[in-house]
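Here is a set of short exercises to work through with the model open beside you. Try each task before reading its solution.

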Amino acid sequence: MSAGRSDNGPTILDARGNPLLPNRARMLAPGGNAPYDAADISGQHVAAWRPYLYSPDGELNMYRDRIVARVRDLVRNDGWASGAVTRILDNAIGGHFRPLFRPDYRALAAYTGNKAFDASWAHEFGRVAEANYRSWAFDSNKYCDAQRSLTIPQIMRLAFRHKLIDGDALAQMVWLPDRIGLGRARYATGIQLIDPDRLSNPQQRFDQESSRGGVEVDRYGAATGYWIRRAHQGDWWAAADSVRWDLIPRETDWGRPIIVHDFDHDRASQHRGGAGIFTPILQRMKMLAKMDSVELDAAVINSMFGAYLESPFDPQLLEQAVGDSTDFSKYQDERSAYHNDRRTMLGEVKVPILFPGEKINTVKAERPNTNFAQFEKTFLRNFAAATGLSAQQMSHDWSDTNYSSARGALLEAFKTLKRRQFDFSHGFAQPVVGCWLEESMDIDDYPMPSGAPSFAECRGMYSRAEWMGPARGWIDPVAEKQGSVLGMDAGLSTLQIECMEQGLDWEEVLDQRQREIEKFTELGIPVPTWAGMQVPGYTPASEVAKKPEAT
């Protein structure tokens, strides 16, 4: 070891004349172990594991089309993947996904100083809004849909399906006044779902500072517009339009949404969805699908080849032993003639009678593999964890589950489903309903206090709503209903909360109960205990109406 000099001072050299790095420089140099195992680059398990540090948009946008094409192919052709999508849709959206309007009367009162914005006004406003909404969302002529093929709950379900599979839910709010007329549309507001494939940079250009995966952004990264192909690139009959893009603004000058785009954000500064819920497990699911097919093929072949006859002589070996001059075909001919002539039957079953020297053997069934069921079950647990479902929901196998385990698994899955429902309702459904409510408040009669601000001025306050999805259901109806009653009696829950968990509107439930009680009374049938008739001073509404007014 010797010393030398460099521009930075003395340098220590080893026996071969190579400079020795100081400790600080040695820590910064590549190679060797690291303080964290996760940073090690020389271990046998991580030496070849060196992923690139991509940007939020860079890690997805270039590969998005390939990933989505594979995910769609899997969902089309694999029962597990298709079933997982159906379970999530049925539990998060269902068939009657709708808003319960709850205008923020406290915020309106604080903003305007008008005390007429109170709970009673909010309740009356909500009932009127919900009645008008039903006439738009459930119109049998389906004018709410630009294509006139779906109701609003069906549109919501399809948009959420796109979000699960493709990563994006995309729609354009259209204004169609020419459809309004007697016996036709009541509102000009319509929704046009857009396939997320059509959202891309013009001419498939790479991302730029102002354009990310078809989303035009400002210097803060906020979306200002969307580049939409005029036709899908797979439509051969629209080849000319498939290479033309239109820049559609995100919203109007007064804040009315034009494009509604919803996706799950995995990282900051991300502008497109992460290609759906199956991306992390796509390869494994494809491998399991292939293994299912191979096991089934093997089982079919195994069942077809069930038994065989064994002759005591191998013609080739016997010829080699005694010479080629001997003709042994006579033996094989005798065997064939023997079996053709002897078709002894016992009822409808043939009795095997063997030629002298023959033996009958059966093929031992080795398919399906005895470990295959447990192996597949382990894989499905992995898939269930990635999709947010319970393992039992994924496989539809509840045979090895007791009440406590099933309830615990469903409650955990329910948390994820409710979070997905909440994200989708605020990211996609709420802007859609806000567009309709803006028009409805302009043409319909609402109970508005004097001097109330316009919708555009207080858009979020007027359009505030809670979204009601499908019923959660019960595993043990008796025990769980008793728990609901105890919670309401103790003041820990309300009828609104309990009804929403079962996909019901609490006011509709009470109205129906009132009608049933009055019908029991009218027909002279004893009223059930749930009617509350034992409360002192209770008088049915029908009897109240019959009493003469005091003079």
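## Warm-up: a lysine in helix 12

With a relative accessibility of 36%, Lys418 counts as partly exposed. This residue sits in helix 12. Across the chain, Lys418 and Ile93 are 325 residues apart in sequence, yet their C-alpha atoms are 9.8 Å apart in space.

## Exercise 1: getting an overview

Task: Find how many helices and strands the protein has, and what its mean pLDDT is.

Solution.
- Step 1. Keep in mind that this is a predicted model. The mean pLDDT of the protein is 81, with 78% of the residues at 70 or more.
- Step 2. Look at the two extremes among the elements: helix 1 (residues 23–28) has the lowest mean pLDDT, 49, while strand 10 (residues 259–262) has the highest, 96.
- Step 3. Count the elements, and you reach 17 helices and 15 strands.
- Step 4. Turn to burial and contacts. Of the 551 residues, 35% count as buried. Among contacts between residues at least 6 apart in sequence, 65% join residues at least 24 apart.

## Exercise 2: helix 2 and its partners

Task: Work out whether helix 2 and helix 3 are roughly parallel or roughly perpendicular to each other, then do likewise for helix 2 and helix 6.

Solution.
- Step 1. Two packed helices are described by the angle between their axes and by the distance between those axes.
- Step 2. Helix 2 (residues 64–77) packs with helix 3 (residues 79–92) at an angle of about 95°, and their axes are 5 Å apart. Angles of 65 to 115 degrees count as roughly perpendicular, so helix 2 and helix 3 are roughly perpendicular to each other.
- Step 3. On the helix 2 side, Leu74, Val75 and Asn77 make the contact; on the helix 3 side, Gly79, Ala81, Ser82 and Val85 do. These residues of the contact of helix 2 with helix 3 comprise 4 nonpolar, 3 polar and no charged.
- Step 4. Now take helix 6 (residues 152–166): its axis and that of helix 2 come within 9 Å and cross at roughly 110°. Helix 2 is therefore roughly perpendicular to helix 6.
- Step 5. Helix 2 contributes Arg64, Val68, Val71, Arg72 and Val75 to this contact, and helix 6 contributes Arg161, Ile165 and Asp166. For helix 2 with helix 6, the residues divide into 4 nonpolar, no polar and 4 charged.

## Exercise 3: two aromatic pairs

Task: Decide whether the pair of Trp136 and Trp436 is stacked or edge-to-face, and do likewise for Phe424 and Phe428.

Solution.
- Step 1. A pair of aromatic rings is described by the distance of the centres and the angle of the planes. Centres within 6.5 Å make a pair, and planes under 30 degrees apart count as stacked. The count by this rule is 15 aromatic pairs.
- Step 2. Trp136 and Trp436 lie 6.0 Å apart, centre to centre, with 20° between the planes, and the pair is stacked. Trp136 belongs to helix 5 (residues 119–137) and Trp436 to helix 12 (residues 403–443), so this pair links distant parts of the chain, 300 residues apart.- Step 3. Trp136 counts as buried at 3% relative accessibility, and Trp436 counts as buried at 0%.
- Step 4. The ring centres of Phe424 and Phe428 are 5.2 Å apart and the planes are at 10°, so this pair is stacked. The two residues, Phe424 and Phe428, are 4 residues apart in helix 12, which means about one helical turn separates them.
- Step 5. Phe424 is buried, with a relative accessible area of 0%, and Phe428 is buried at 0% as well.

## Exercise 4: around an aromatic cluster

Task: Which residues does Met441 contact beyond its neighbours within four places in sequence?

Solution.
- Step 1. Locate Met441 in helix 12. Met441 counts as buried, at 18% relative accessibility.
- Step 2. Leave aside the neighbours within four places in sequence, and Met441 is in contact with Phe125, Tyr446, Met448, Phe455 and Tyr462. Met441 and Phe455 are 14 residues apart in sequence and 7.6 Å apart from C-alpha to C-alpha.
- Step 3. Compare that list with the cluster in which ring pairs link Phe117, Trp121, Phe125, Tyr446, Phe455 and Tyr462.
- Step 4. Finish with Asn132, found in helix 5. Asn132 counts as buried at 10% relative accessibility. Not counting residues up to four places away in sequence, Asn132 touches Arg186, Tyr187, Trp436, Ser440, Asp444 and Tyr446.

Conventions: Residues are numbered from 1 along each chain as its sequence is written. This is a predicted model: local features need pLDDT of at least 70, side-chain atom pairs count only at pLDDT 80 or more; totals for chains, interfaces and linings use all residues. Side-chain values use heavy atoms; hydrogens and water are left out. pLDDT is the predictor's confidence in each residue, from 0 to 100. Axes are lines fitted to C-alpha atoms, for helices over the stretch in contact, and angles run from 0 to 180 degrees between N-to-C directions. Angles under 35 degrees count as roughly parallel, over 145 as roughly antiparallel, 65 to 115 as roughly perpendicular and the rest as oblique. Contact means heavy atoms within 4.5 Å. Ala, Val, Leu, Ile, Met, Phe, Trp, Tyr, Cys and Pro count as nonpolar, Asp, Glu, Lys and Arg as charged, and the others, Gly among them, as polar. Rings of Phe, Tyr and Trp (its six-membered ring) pair if their centres lie within 6.5 Å; planes under 30 degrees apart count as stacked, over 60 as edge-to-face and the rest as tilted. Buried means under 20% relative accessible area, exposed over 50%, partly exposed in between (1.4 Å probe, protein chains only).
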